[in-house]
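I opened this entry to keep track of what I looked up, going from helix packing to domains and then to the pocket. The structure comes first, and my notes follow.

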Amino acid sequence: MVDRRVEVVARLKALEDAAAPLVTFLQNANAVQELRADKQYNLQMLNDRYQIGPDQIEALYQYAKFQFESLSALWGKLTAEILMQNWDIALEELNRLKEIIDSKSFSSPLNQVQSRIWLMHWSLFIFFNHDNGRTQIIDLFNQDKYVTLTTKLKVSMFCY
């Protein structure tokens, strides 16, 4: 597992580096506004002005796909640790997922909110069984990004 992890992290880093020029371009709102409906123009403009070609576009696709697959694997690992009742390792996996969910840009805000809700759901198994769980559940649920979710969940429960 350790060797596999090193291999996966190295692949992720390589894909991230290969996709970096296109990611930087996409984070620049002014540059993105230069894009037009004409695909050929866009490809030529990206190549001429930003040195972004088909290789970087493919790299971004592979990077996004790899991140999605990695995130799914992390959810699976968290679930497995919970089922095996390895509460310390499950807590580490929960924190790793939380960092990714809070820092990663999702395809839509709804997907990010859904991931946070699932994180809160799975965290209950860990926090109610971990020695320091009572304190940590309070810490998690009182963070700004999660307080609004708990408030909305409470409101929606009373509305039904």
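**Helix packing**

I began with α5 and α6, whose axes come within 10 Å and cross at roughly 165°. That angle makes α5 roughly antiparallel to α6, and I noted the handedness of the α5 and α6 crossing as left-handed. I should record at this point that I am working from a predicted model, and that every value in these entries is computed from it.

I then followed the chain to the next pair, where helix α6, residues 109-127, packs against helix α7, residues 133-141, at an angle of about 160° and with the axes 9 Å apart. Because of that angle, α6 is roughly antiparallel to α7. Here I wrote down a right-handed crossing, as α6 passes α7.

Going back towards the N terminus, I looked up α4 and α5, and found their axes 8 Å apart and the packing angle about 155°. An angle over 145 degrees counts as roughly antiparallel, and α4 and α5 are therefore roughly antiparallel to each other. The crossing of α4 and α5 is left-handed.

**Domains**

Next I checked the domain assignment of the protein chain, which gives domain 1 as residues 1-64 and domain 2 as residues 85-159. Taken over C-alpha atoms, the centres of domain 1 and domain 2 are separated by 31 Å.

**The largest pocket**

With the domains noted, I turned to the largest pocket, for which I have a volume of about 880 Å³. Where does the largest pocket lie with respect to domain 1 and domain 2? Both domain 1 (1-64) and domain 2 (85-159) give residues to its lining, so the largest pocket lies between them.

I listed 23 residues in the lining of the largest pocket, and those that lie nearest its centre are R5, V8, S70, L74 and R96. Which helices each supply at least two residues of this lining? I found α1 (2-27), α4 (54-83) and α5 (87-103) to do so, and the largest share, nine residues, comes from α4. Two of these helices, α4 and α5, are the pair I had already noted with axes 8 Å apart.

Last, I sorted the lining of the largest pocket by class, and counted 11 nonpolar, three polar and nine charged residues.

Conventions. Residues numbered from 1 in each chain as written. Predicted model: local features only at pLDDT ≥ 70, side-chain atom pairs only at ≥ 80, totals over all residues. Heavy atoms only, no water. Domains from an automatic or database assignment. 1 Å grid on protein atoms, 1.4 Å probe; cavity = no way out; pocket = protein on both sides within 12 Å on 5 of 7 lines; lining within 4 Å. Points joined across faces, edges and corners; volume = space filled by probe spheres on them. Helix = DSSP H or I, 4+ residues; strand = E, 2+ residues; numbered from the N terminus. Nonpolar A, V, L, I, M, F, W, Y, C, P; charged D, E, K, R; others polar. Axes fitted to C-alpha atoms, helices over the stretch in contact; angles between N-to-C directions. Parallel < 35°, antiparallel > 145°, perpendicular 65-115°, else oblique. Left-handed = near helix turned anticlockwise from the far one by under 90°.
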